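This report goes through a predicted model. It takes up the domains, then a pocket, then one helix.

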Amino acid sequence: MGEYPKLMMLQTCPFCWKVRSLLENLKIDFHEDQLNPLRRKKSLKFAGDWGKVPIWRESETDFIIDSTPIMIFLDEKYNSSKLYDTNSDRQAEWLKWVDEKLAKATIPILYGSLGSALSSTRTVSKLEKFGFFSRHLYAWTGFPIMWGIIAKTRVKKDGRKPKKLWHDLLDEFLLQFDGKPYFGGDKPDIVDFAAFGIVRSISPFRQFREIESHDSGIKWYNSILSTLN
Ligand SMILES: N[C@@H](CCC(=O)N[C@@H](CS)C(=O)NCC(=O)O)C(=O)O
């Protein structure tokens with residue numbers, strides 16, 4: 001595909017959803033380049049050793065790696081930096097929180113029990129661009145079980161059920177709003193879009209209902225959703 005700009009992405013990658021949500025809010029025209037997960041490394045060779053999605057490509061040779069720097073770049077280029085303030089320690093701290101706490105909580109909720117691991121793996125196999133055979137192989141081989149075991153260990157270590165973990169994280173986040181509708185105050189800022197993107201990455205999965213039961217969290221989520229294309 002020779003069309004730019006484009007986002008190299010995976011459909012179920014939470015970090016890609018951060019960027020996609022901002023792109024949709026800013027109504028930026030772009031192409032989605034959805035990779036085959038099994039050919040990811042090969043498709044991303046142009047970017048050296050990074051090997052991860054998302055990557056934002058402005059042209060054949062110009063690209064930006066890493067979801068937060070991509071969001072900052074987009075805000076600067078297309079939005080006069082209205083969402084991100086380089087001098088704000090609060091934004092920097094909570095952007096980190098989104099990646100370190102919220103994004104990490106996606107594994108336990110999607111794969112934290114064998115039942116949820118099986119259902120999530122099947123959803124991933126439907127949403128991602130696998131080839132025909134690898135799609136079935138992915139859905140039915142050891143992956144669900146492997147994930148079920150790894151994530152289960154993590155859940156045990158944390159001590160909280162995934163639903164409780166998510167509700168606690170949303171409580172912690174909303175507390176930062178200081179009574180306002182968004183982290184950014186009366187309007188969403190870059191932190192709102194980053195956190196929103198991570199939550200949205202769960203929306204195609206059946207476990208999303210466990211997050212939807214957090215009333216104030218989902219109110220915030222839906223009000224950002226309504227600002228998108
Ligand atoms: N810090 C990166 C993390 C991106 C990331 O971990 N992406 C995953 C998919 S959700 C990936 O490509 N993983 C491949 C790897 O780590 O080798 C960001 O925010 O963009």
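## Domains, pocket and helix H6

According to the domain assignment, the chain holds domain 1 (6-79) and domain 2 (89-225). Contact between them involves 20 residues from domain 1 and 20 residues from domain 2. Their C-alpha centres are 19 Å apart.

The largest pocket of this predicted model encloses about 950 Å³ of space. It is lined by 30 residues, of which Leu10, Thr12, Cys13, Pro14 and Ile107 are the closest to its centre. Domain 1 (6-79) and domain 2 (89-225) each contribute at least three residues to this lining. At least two lining residues come from each of helix H1 (14-25), H5 and H8. Of the contributors, H5 gives the most, namely four residues. The lining of the largest pocket breaks down by class as follows.

| Class in the lining of the largest pocket | Count |
|---|---|
| Nonpolar | 19 residues |
| Polar | five residues |
| Charged | six residues |

Helix H6 covers residues 114-127, 14 residues in total. From its first C-alpha to its last, H6 reaches 20 Å, close to the 20 Å expected at 1.5 Å a residue.

Which residues of H6 are buried? They are Ser116, Ala117, Ser119, Ser120, Thr121, Thr123, Val124 and Ser125. An α-helix has 3.6 residues a turn, so residues three or four places apart point the same way. The cover over the buried residues of H6 includes helix H5 (106-111), helix H7 (132-140) and helix H8 (143-158). H5 and H8 also supply lining residues to the largest pocket.

Notes:
Residues numbered from 1 in each chain as written. Predicted model: local features only at pLDDT ≥ 70, side-chain atom pairs only at ≥ 80, totals over all residues. Heavy atoms only, no water. Expected span 1.5 Å × (residues − 1). Buried < 20%, exposed > 50% of the residue type's maximum accessible area, 1.4 Å probe, protein only. Contact = heavy atoms within 4.5 Å. 1 Å grid on protein atoms, 1.4 Å probe; cavity = no way out; pocket = protein on both sides within 12 Å on 5 of 7 lines; lining within 4 Å. Points joined across faces, edges and corners; volume = space filled by probe spheres on them. Nonpolar A, V, L, I, M, F, W, Y, C, P; charged D, E, K, R; others polar. Domains from an automatic or database assignment.
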